[in-house]
Number of protein chains: 2
Amino acid sequence: MKVEHLDSCIVRHFSYYYDLTRKDEELLLELERSPTKVKAGTRLWEERDSANEFCTLSRGWAYSYRIMENGSRQILELYMPGDIIGLREFAFSQRLASVKMAEDGVVCYFPHQHVLDLFRQSMALTTIMFAISSRQQVLITERLVNLARRNAKQKLAHFLLETYQRLKQTQANGHDSFRLPLSQELLADLLGLSPVHVSRTLTALSDEGLVFRERHVVTIPDLKALKEMADFDDRYLIDNMRPLFNSHNS
Amino acid sequence: MKVEHLDSCIVRHFSYYYDLTRKDEELLLELERSPTKVKAGTRLWEERDSANEFCTLSRGWAYSYRIMENGSRQILELYMPGDIIGLREFAFSQRLASVKMAEDGVVCYFPHQHVLDLFRQSMALTTIMFAISSRQQVLITERLVNLARRNAKQKLAHFLLETYQRLKQTQANGHDSFRLPLSQELLADLLGLSPVHVSRTLTALSDEGLVFRERHVVTIPDLKALKEMADFDDRYLIDNMRPLFNSHNS
DNA sequence: CGTTTAGTTGAGGAAGGTCAATCAGCGTGG
DNA sequence: CCACGCTGATTGACCTTCCTCAACTAAACG
């Protein structure tokens, strides 16, 4: 049952795409050899640092961001346990964004070259890596659409729905509520709004009975209603590579 | 000198990342075996179509887009000759966006499986594919920042600078002007603005002597001034994988 | 030489930003 | 156990940017 290996977030994440062989799992576990505890607010790296390693996130949330000339901050990606941080910079020698922990967590660094080893040694892992990369692109694209084309209420709702769904895909939680360890300021920087307006929007959503938030727990009583309101279509989160594998691999 | 192969946009594009072997080139040329002429406005595919092929763009510009519930359109990516269209959907069985030709052009379809063949047969091509994918992610991310954090004048300026730079990297053109075969409506859908405001912004930029546009030709008389104004930093366009290769491959 | 298509210009309006004051929770130290 | 101060959230007043609608002009095109 290879239960033991599912302790590893990254193995669990990769398994989501395709059944891994024993050897694949061993290769993956290589990436998580040096777990490091990091406290909330720790900066894993900074824009312009030299980039020659990735990082797997084993516990806690993290986010990448850019500081603009005028001092405002745009958050680019939210990372959750099982995600690989820094994939974007594979073809670059410099970091293009900074990364910070949103809460206490555990990360494992590994050099870019390890990915080349993966490419060399396993077709399945290569394909999954590529799938993960393209999935990430899809997530960013959806966020772009969200920022460009929706109003504040929809932006916020859409983000909450995306997060809820992402969590459901990895951590099984049947409820209509989830933990969201992010301040309103962070939400603002994520959605391109001002903190003030996030607050207003959140109370508006609450007044309409669509979203409730207390402390760091968010509840969505009527998923369907919220999805409708936010123009949320989860197809972009539901990727599936099996057809690709089945039609070609043994 | 393998000059003959540089006729192929895609070979030229890949060569930008790393020197290809003869065999690599042959493999790549496989992808361009069925060139098809397409007229401006042709839709290559539509959201929700089943996705099992990519497409290389040999001539002309194309763009992917999404239509929102309220009828507005967001353009996601601009493709230029040498680009691969549809990478995003590698891990998906459905198209997540539609793609249209911005002008007359030539494309070549090839099935997703061909990429798996590449993975199987060439480390270099695998790595380059991955680099291209991560570069595309970087481009989208920068566009996200552009949409979320800059005002109309900066958005437009930033987009023009990015396009200018992208063209310079593939087509050598020494001048301070380039061809931009896009209507203002298209620019609006690209930048999340209204066509009206694009027009105003363009005249504002012209009044300030920063950008001139007549017909489909754009001139940037003072690159440095415009970059400053737009908060444009070209690091995100200058990727370089050589260090990665050199430190590990033969 | 009309007719379509793309761009320009003006006036009014809405969404969201900014600034500032206030409040609530909470950890810290006395 | 309480006072203090910190951070994060809320609320109000006012302002800016960009949108919308609409009329108009300029090319492009048969």
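This report describes a helix pair between chains A and B and the cavities in a predicted model.

**The α4 pair**

Helix α4 of chain A and helix α4 of chain B, each spanning residues 123-149, pack with their axes 9 Å apart and at an angle of about 15°. Because angles under 35 degrees count as roughly parallel, α4(A) is roughly parallel to α4(B). The crossing of α4(A) and α4(B) is left-handed.

Residues of α4(A) that meet α4(B) include A:Thr126, A:Met129, A:Phe130, A:Ile140, A:Arg143 and A:Leu147. On the side of α4(B), the residues in this contact include B:Thr126, B:Met129, B:Phe130, B:Ile140, B:Arg143 and B:Leu147. By class, the contact of α4(A) with α4(B) has 12 nonpolar, 10 polar and 2 charged residues.

**Cavities**

The count comes to 5 cavities of 30 Å³ or more. Two of them are set out below.

| Cavity | Volume | Lining by class |
|---|---|---|
| Largest | about 60 Å³ | 5 nonpolar, 1 polar, 3 charged residues |
| Second largest | about 50 Å³ | 6 nonpolar, 4 polar, 3 charged residues |

The largest cavity is lined from chain A by A:Val138, A:Thr141, A:Glu142 and A:Tyr236, and from chain B by B:Arg66, B:Leu76, B:Arg88, B:Leu96 and B:Ala97. Helix α4(A) gives the largest share of this lining, with 3 residues. A:Thr141 thus appears in two places: A:Thr141 lines the largest cavity, and A:Thr141 is also among the residues of α4(A) that meet α4(B).

The second largest cavity has 13 lining residues, and A:Ser64, A:Tyr79, A:Gly86, A:Arg88 and A:Glu89 lie nearest its centre. Strands β5 (73-79) and β7 (98-101) of chain A are the elements that give two or more residues to the lining of the second largest cavity.

Conventions:
Residues numbered from 1 in each chain as written. Chains lettered and ligands numbered in written order. Predicted model: local features only at pLDDT ≥ 70, side-chain atom pairs only at ≥ 80, totals over all residues. Heavy atoms only, no water. Axes fitted to C-alpha atoms, helices over the stretch in contact; angles between N-to-C directions. Helix = DSSP H or I, 4+ residues; strand = E, 2+ residues; numbered from the N terminus. Parallel < 35°, antiparallel > 145°, perpendicular 65-115°, else oblique. Left-handed = near helix turned anticlockwise from the far one by under 90°. Contact = heavy atoms within 4.5 Å. Nonpolar A, V, L, I, M, F, W, Y, C, P; charged D, E, K, R; others polar. 1 Å grid on protein atoms, 1.4 Å probe; cavity = no way out; pocket = protein on both sides within 12 Å on 5 of 7 lines; lining within 4 Å. Points joined across faces, edges and corners; volume = space filled by probe spheres on them.
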